[in-house]
Amino acid sequence: MMIISSGPRRLLMAVVSAVAALVPFYSAHAEMSAWADNEGGRMRLVALAPDAGGKIRAALQIEPKPGWITYWKEPGNSGIPPQVTIAAESGVTLDSIAYPVPKHFFNGAIEDIAYDAPVTLPLSLTAAGKGPVTIDAAAFIGICKDICIPFQANLQLKLGPAIQSHPQEEAILQAADARLPKPPSQDFDVTAHAMSPDGKTLSLDLVLPAGGPGEGKAAPDIIVTGPSGYAFTKQIGGKRNGAAFKADVAIGKLPKDYDISGKQWRVLVIDGERAMETTLAFE
């Protein structure tokens, strides 16, 4: 089990949290904000003008410096998941954040689910009005090397008319979408799942891509995300038979009095160069 916990990294984050609050506002130019800089990297906001329905394609670009990492939506033993807040007075709402496929890092007892290279998180936004749009976003991420530093910045930009072409922004957003895990398909899916009566083990049956770079591996990387703040990765007795794979995932401590009935969890499966994410519904 992995939860956001109070470990050595978390304590270091608290020590430097006051420093993070001093990151100033960053003004906008065109459809990309200025870069906000930090000891461990930089980030900025990219967006296109709203479509006819007010939907805005946007993204948070994060570029860790070499040797640094930043976190996935469930970070691991300790860490800060990315957070984006849009100022209510801007008339823009954040509908969802999408996450490209992360990596698994192990350093002794510390397990991180993170990115060690530039990553772009696609954002789905909605503008309430029909006039010009100004996005005022507060972004907060964790960025780590030997210590973890909370990185907070306000990123602002004004969106021009939709009739204008913005090939650079389009290319950034398309590249980000291409790195997202794919939905289930006929050759890559979870075909069955069941929680043990004691809630300690999740059994998974999968069909995995045949003929791909992951076929020779003993097991794919499986990351199960349950209640917010919880991720489970420890496989027990995984067995691969051609495209079929069966494994149990150890489920550690859950919130007190947690009832899984009617809940929906998520699972990310990484097999070689392919990744699939889907929902696990529990009756």
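Begin by selecting strand β17, residues 201-207, together with β16 in this predicted model, and you will find the two strands running antiparallel, joined by six bridges. To look at one of these pairings, pick Asp189 and then Val207, its bridge partner in β17.

Next, widen the selection to β16, β17, β21 and β20, which in that order form an open sheet of four strands with antiparallel pairing. At the edges of the sheet stand β16 (189-195) and β20 (235-241), and because each has a single partner strand, one side of each is left without a neighbour in the sheet. If you look from one strand to the next, the twist averages 15°.

Now go to strand β21, residues 244-250, and select Ala250, which lies in it. Is Ala250 buried or exposed? Its relative accessibility is 18%, and because the cut-off for buried is under 20%, Ala250 counts as buried. Displaying its surroundings, and leaving aside residues up to four places away in sequence, you will see that Ala250 touches Lys200, Phe232, Lys234 and Ile236. Of these contacts, Lys234 can be examined further, since its C-alpha atom is separated by 5.5 Å from that of Ala250, although the two residues are 16 apart along the chain.

Finally, move into the loop between β21 and β22 (264-271), where you can select Asp257. With a relative accessibility of 72%, Asp257 counts as exposed. Its backbone also deserves a look: most residues other than glycine have a negative phi, whereas Asp257, which is not a glycine, has a positive phi of about 60°.

Technical notes
Residues numbered from 1 in each chain as written. Predicted model: local features only at pLDDT ≥ 70, side-chain atom pairs only at ≥ 80, totals over all residues. Heavy atoms only, no water. Buried < 20%, exposed > 50% of the residue type's maximum accessible area, 1.4 Å probe, protein only. Contact = heavy atoms within 4.5 Å. Pairing = 2+ DSSP bridges. Axes fitted to C-alpha atoms, helices over the stretch in contact; angles between N-to-C directions.
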